[in-house]
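Reader: Can you walk me through this one? Keep it brisk.
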Amino acid sequence: MTTLVLEIEDSRPIEARCDASQLHVRLADGREVSTPLWWYPRLAAASPAARSDIELMPMGLHWPEIDEDISIASMLRGEKAPGATAP
């Protein structure tokens, strides 16, 4: 069980940002994860200002203005939001 706790702590986001096409997240263990914005239609459709208002949570990210939540685990698994289609 200790290993699981360490893995969760290591996967905690410490920095996140969106550019025009990607979501970038730096994790506590030094990994950097980037995923395409089109994977998250609500996030992709949001204004740059709304996309930059990111709350870091222990296991993921939250955008209060658009009520979007993305878990680090889903990013690492390559899971897209339901209905996401490539541009």
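Author: Start with one pair: leucine 61 has isoleucine 70 in β6 as its bridge partner. The model is predicted, so local features need pLDDT of at least 70 and side-chain atom pairs pLDDT 80 or more, while totals for chains, interfaces and linings use all residues. Residues are numbered from 1 along each chain as its sequence is written, and side-chain values use heavy atoms, without hydrogens and water.

Reader: How many bridges join β5 to β6?
Author: Four, with β5 covering residues 60-63 and the two strands running antiparallel. Strands are DSSP runs of E, at least two residues, and helices are runs of H or I, at least four, numbered from the N terminus. Two strands pair if DSSP finds at least two bridges between them.

Reader: What's the strand order in the open sheet?
Author: β4-β5-β6, with antiparallel pairing. The edges are β4 (55-57) and β6 (68-71), each pairing on one side only.

Reader: New topic. Where is aspartate 67?
Author: In the loop between β5 and β6. Its phi is near 50°, a positive value in a residue other than glycine.

Reader: Is aspartate 67 buried, exposed or partly exposed?
Author: Partly exposed, at 48% relative accessibility. Buried means under 20% relative accessible area, exposed over 50%, partly exposed in between (1.4 Å probe, protein chains only).

Reader: And serine 74, buried or exposed?
Author: Buried, at 11% relative accessible area. Serine 74 is in helix α4, residues 72-77.

Reader: What does the serine 74 side chain reach?
Author: The backbone oxygen of serine 71, at 2.8 Å.

How values were computed:
A polar contact is a pair of N or O atoms within 3.5 Å; within protein, one must be able to donate a hydrogen and the other to accept it, and residues adjacent in sequence count only if both atoms are side-chain atoms.
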